[in-house]
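Subject: A structure for you to explore

Hi there,

Here is the structure I promised to pass on. Have a look around it first, and then read my notes below.

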Amino acid sequence: MYTLSVNVGSSSMKFAVFARDEKVLLRGVLDGMKRVNVVVHLQYGNKKRTYDVRGPIRLAKAFQLLRSALTEAGIDQAEVSSVGHRVVHGGKFGHAVKITPAVLRELKKYIPLAPLHQGQDIEAIRTAQKVFPEAQHIAVFDTSFFTHLPEKAKYYALPRAIMKKYQLRRAGFHGPSHQHAAQYAAQKLGRPLRKLNLISIHLGSGCSMTAIQHGKPVDTSMGFTPLEGLVMSTRSGDIDPGLMLFLLRQGWNVSMIDRLLHTQSGWYGLSGFVDFRDVLKASGYPVPNWKLPHKVNTQQKAECRATVDTVLYRLTKYLGAYWAVLGEVDAVICTGAMGAKNVWFRKALKSSSPLFHHAKWLAVESDEELLIARAVHTTVK
């Protein structure tokens, strides 16, 4: 009996099927689900296959493609006994849980805190429950890795009574990615994780950075919501809260500001491109095997270059701050689609400060699906 891991991101869906001994039977990625051409990558046995699908595609279609991939890989759908779902915000849940109607009702409460993810995570769960009605479904949370952040990093400088009343704290996100990056670094360096100081950088449509001291996260860039921190695809990252108060006084309402911060900002707001590979390509920087959706003029190229500078600058500031927090850094690990696959961007970040040359730099394709499967196996015992 097999475990299926489903990892729905803001612009992609990854899935993998694992045997009980963690042998991978199938991996799949639906890349660029919001683009006109969605690229599907499949890997099973000794075979790799890539093909295009007309997009954008919704989750119902995504699960149709997943079922087709199972058939292609020779996996009987009935053999999938458990399905692990990445859910961005766990709220009161500090670890993976079996999904029940009561759990889903609780998770719905957090949709306003992670509007780009939480609603579609719940939609993916409900879709999968229809496709795999006999399987056990387990929710695995981005926030679990950060449950025990130190108090000095967890809380804001707000009145304690207000924070307690509304449960205001820094939750952290991309937990499975950062956890896998740390485990990979320990294996690569040949040292126990508990003896390492690491900085992991998840760079995809969503971006975050985590300082890991002796195997435990001690700070992370995302906060109460995934808006805090680095510049992202359509999310602003750090911003002066007074700016939002200013817009409210200019007649903006909460819904308008919500859309501004979540869907109209980030490198998209600065450059007009949602995919950072487009931003790099339009800037004239190397992005192997990537084509722009349209030609750019001189002004657009300059705007894209300025956008790359802004993204790098914010990364440099956070990386320097976490370096200071840790004192010594054994390795910086870059993961996510942008962090693992673009050599030029990693070198540009490493070169942004002389300080950053005093540690090993590692790149790893995140295997959140494996960590999801492990959490499932622990939960269904």
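Let's begin with a pocket. Helix 8 supplies five residues to the lining of the second largest pocket, the largest share of that lining. Please keep in mind throughout that this is a predicted model. The second largest pocket holds about 600 Å³ of space. It is lined by 17 residues, and those closest to its centre are Leu 227, Ile 239, Pro 241, Met 244 and Leu 261. Two elements give two or more residues to this lining: helix 7 (241–249) and helix 8 (254–263). Sorted by class, the lining has 10 nonpolar, four polar and three charged residues.

There is enclosed space as well. Rolling a probe the size of a water molecule over the atoms shows where empty space is left. One cavity of 30 Å³ or more turned up, and the volume of the largest cavity is about 40 Å³. Which residues line the largest cavity? They are Arg 86, Val 88, His 117, Asp 142, Phe 173, His 174, Met 222, Pro 226 and Arg 235. Four residues of that lining are nonpolar, two are polar and three are charged.

Now to the sheets. Strands of a sheet pair through backbone hydrogen bonds, either parallel or antiparallel.

One open sheet is formed by eight strands with mixed pairing, in the order 5-4-3-2-1-6-8-7. Strand 5 (47–54) and strand 7 (97–98) are at its edges with a single partner strand each, so one side of each has no neighbour in the sheet. Helix 3 (residues 118–131) packs on this sheet and touches strand 1 (2–8), strand 6 and strand 8; the direction of helix 3 makes about 170° with that of strand 6. Strand 6 (residues 80–87) and strand 8 (residues 136–141) run parallel, joined by six bridges. To find one of these, look at Val 83, whose bridge partner in strand 8 is His 137.

At the other end of the strand order, strand 4 (residues 37–44) pairs with strand 5 in the antiparallel sense over eight bridges. Here Leu 42 stands opposite Arg 49 in strand 5. Strand 4 and strand 5 make a hairpin with two residues between them, and Gly 45 in the turn has a positive phi of about 60°.

Helix 14 (residues 368–379) lies across several strands, including strand 1, strand 2 (12–18) and strand 3 (24–31), and runs at about 130° to strand 1. This helix also brings us to a charged pair. Side chains of opposite charge can pair when their charged atoms come close. The model has 13 salt bridges, and one of them joins the side chains of Glu 22 and Arg 374 at 2.8 Å, N to O. Glu 22 is in the loop between strand 2 and strand 3, while Arg 374 is in helix 14, so far along the chain that 352 residues separate the two.

Another open sheet has five strands in the order 11-10-9-12-13, again with mixed pairing. Why is one side of strand 11 (216–220) and of strand 13 (360–363) left without a neighbour in the sheet? Both stand at the edges, and each has a single partner strand. Strand 10 (residues 207–213) pairs with strand 11 in the antiparallel sense over four bridges, and the partner of Gln 213 in strand 11 is Lys 216. Helix 11 (residues 298–326) packs on this sheet, its direction making about 10° with that of strand 10.

Enjoy exploring!

Key. Residues numbered from 1 in each chain as written. Predicted model: local features only at pLDDT ≥ 70, side-chain atom pairs only at ≥ 80, totals over all residues. Heavy atoms only, no water. Pairing = 2+ DSSP bridges. Contact = heavy atoms within 4.5 Å. Axes fitted to C-alpha atoms, helices over the stretch in contact; angles between N-to-C directions. 1 Å grid on protein atoms, 1.4 Å probe; cavity = no way out; pocket = protein on both sides within 12 Å on 5 of 7 lines; lining within 4 Å. Points joined across faces, edges and corners; volume = space filled by probe spheres on them. Nonpolar A, V, L, I, M, F, W, Y, C, P; charged D, E, K, R; others polar. Salt bridge = Lys/Arg side-chain N within 4 Å of Asp/Glu carboxyl O.
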